[in-house]
Amino acid sequence: MAHTDLYSIRMRAAIGERHVSGAERIVSKENVERTMNELVERAVRKGCPRDQVIVTVESLGDALVQRLTALDMITLAAPDMHAARSIAKRVLQIAGVSGQAVEVAIAHISKGAALSGGNMRGAMIMDAKSGDRLEPDRERGVRASRFDWGDEAGEEISLRLAALGLTHFRTREALALATKAAHGPGIVAELCWSDDPDYTAGYVASLHTGYVRFPFLKQLGDAKGGRAFFVHRDLLDRDVLLRYLQQEAVLITKIGECRAAMMPETYFSLIKNVCEGD
Ligand code: COA
Ligand code: AMP
């Protein structure tokens, strides 16, 4: 933990009522203006019209900023979406999520986890044993916010990911989000795939398994996506977890290991050896 003179800069863009783009950074004072411009450029870059682009700049004042090391990252090869989901289930079970809870999460995300049937605006919080939903608002969900890569770690992770052919901004940002979430009090693991119909990759993440990426966790063209944060219900203080995810600032100042794609069985034997060495 450290006191800082840092700013949280958050961008969100909408077409009509529909949220279409969002991103955030944590930067020092001298980089505020440049970062604001970069985020606005990003919001309008795709050449799509935006009815609204909102950028919020907030001083973190003397708030404590937690410094974290990123989760290790691996991509697992799977022939199709069904195989990928079944491997993702095994990874989640190793992390401590029950098979039942995984099935419930996959079913909710596949059909649209919001009460109204669409995608949620944030993540579900789910009991890792039963799959019960624990988030306060089942339409909105919970959004992790106020996290970023530190300058050096950010440069390093971009290079490492690019060397693996992972140049999409989502991978870098999702790894940052998953690193923050995995360190949340009471969090067991996370499951995510995007609601962007053109983006089929998804991941499972936990402190135990690292960030395990799947190139195809849904079919191309599918606009349903979402996130589940699995928690230890017995150990959970929900308000403490919500404050951590939504409000407390996290900078990722060290990268983890980033490995080339691997066959699932190789990964499972590696992780088994790690568990036995615990
Ligand atoms: N989906 C739908 N609506 C969203 C949204 C999302 N992902 N994010 C924001 N909105 C809309 C909602 O209407 C929201 O109101 P609500 O709180 O009732 O849901 C409203 O914008 C205000 O959201 P808020 O979070 O207060 O705005 P913000 O400006 O503080 O932060 C983001 C906006 C998008 C930067 C932040 O919420 C976020 O998601 N940060 C993480 C971004 C990231 O790196 N994601 C990784 C993707 S791989
Ligand atoms: P995305 O990866 O941005 O396509 O988001 C996938 C899903 O994750 C969305 O449909 C939301 O349900 C959820 N989500 C979006 N932003 C966040 C966030 N900041 N924290 C947690 N969940 C989010």
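Salt bridges and ligand shells in the predicted model

In this predicted model, the salt bridges come to a count of 15. A good place to start is the pair formed by E38 and R25, whose closest N and O atoms are 3.8 Å apart. This pair links distant parts of the chain, with E38 in helix α1 (residues 32-45) and R25 in strand β2, 13 residues apart. E38 counts as partly exposed because its relative accessibility is 34%, and R25 also counts as partly exposed, at 22%. Both residues belong to a network of salt bridges that links R25, R34, E38 and D148.

Two further bridges involve helix α2. In one of these, the side chains of E103 and K89 meet at 2.6 Å, N to O. E103 lies in helix α3 (residues 99-111) and K89 in helix α2 (residues 81-95), so the bridge ties together parts that are 14 residues apart in sequence. With a relative accessibility of 42%, E103 counts as partly exposed; K89 counts as partly exposed at 23%. In the other bridge, the side chains of R90 and E265 meet at 2.9 Å, N to O. Here the link runs between distant parts of the chain, from R90 in helix α2 to E265 in helix α7 (residues 264-277), 175 residues apart. R90 counts as partly exposed, given its 37% relative accessibility.

K218 offers a contrasting case. This lysine is found in the loop between β10 (210-214) and β11 (226-231), and K218 is buried yet has no salt bridge. The nearest side chain of opposite charge is that of D222, 5.3 Å away, whereas a salt bridge requires a side-chain nitrogen of Lys or Arg within 4 Å of a carboxyl oxygen of Asp or Glu. The side chain of K218 does reach backbone oxygens: that of D222 lies at 2.6 Å, and that of S194 lies 2.7 Å from a polar atom of the K218 side chain.

Turning to the ligands, 18 residues are found around ligand 1, and R10, E24, R121, R140 and R143 come nearest. Oxygen atoms of ligand 1 meet several arginine side chains: an N or O atom of the R121 side chain is 2.7 Å from one such oxygen, a polar side-chain atom of R140 lies at 2.9 Å, and an N or O atom in the side chain of R143 is likewise 2.9 Å from a ligand oxygen. On its own, ligand 1 has 900 Å² of accessible area, of which the protein covers 72%. The shell has nine charged, six nonpolar and three polar residues, and β1 (6-15), β2 (18-28) and α5 (169-182) each supply at least two residues of this shell.

Ligand 2 is surrounded by 14 residues, the closest being M120, G122, A144, S194 and D195. A nitrogen atom of ligand 2 is 2.8 Å from a backbone N or O atom of A144. Oxygen atoms of ligand 2 meet side chains: a polar atom of S194 lies at 2.8 Å, and an N or O atom of D195 at 2.6 Å. The protein covers 82% of the 480 Å² of accessible area that ligand 2 has on its own. Elements α5 and β11 give two or more residues to its shell, which divides into six nonpolar, four polar and four charged residues.

Technical notes:
Residues numbered from 1 in each chain as written. Chains lettered and ligands numbered in written order. Predicted model: local features only at pLDDT ≥ 70, side-chain atom pairs only at ≥ 80, totals over all residues. Heavy atoms only, no water. Near = heavy atom within 4 Å. Polar contact = N/O pair within 3.5 Å; in protein donor to acceptor, adjacent residues only side chain to side chain. Areas by Shrake-Rupley, 256 points an atom, 1.4 Å probe, with all protein chains shown as cover. Helix = DSSP H or I, 4+ residues; strand = E, 2+ residues; numbered from the N terminus. Nonpolar A, V, L, I, M, F, W, Y, C, P; charged D, E, K, R; others polar. Buried < 20%, exposed > 50% of the residue type's maximum accessible area, 1.4 Å probe, protein only. Lys, Arg positive; Asp, Glu negative; His and termini not counted.
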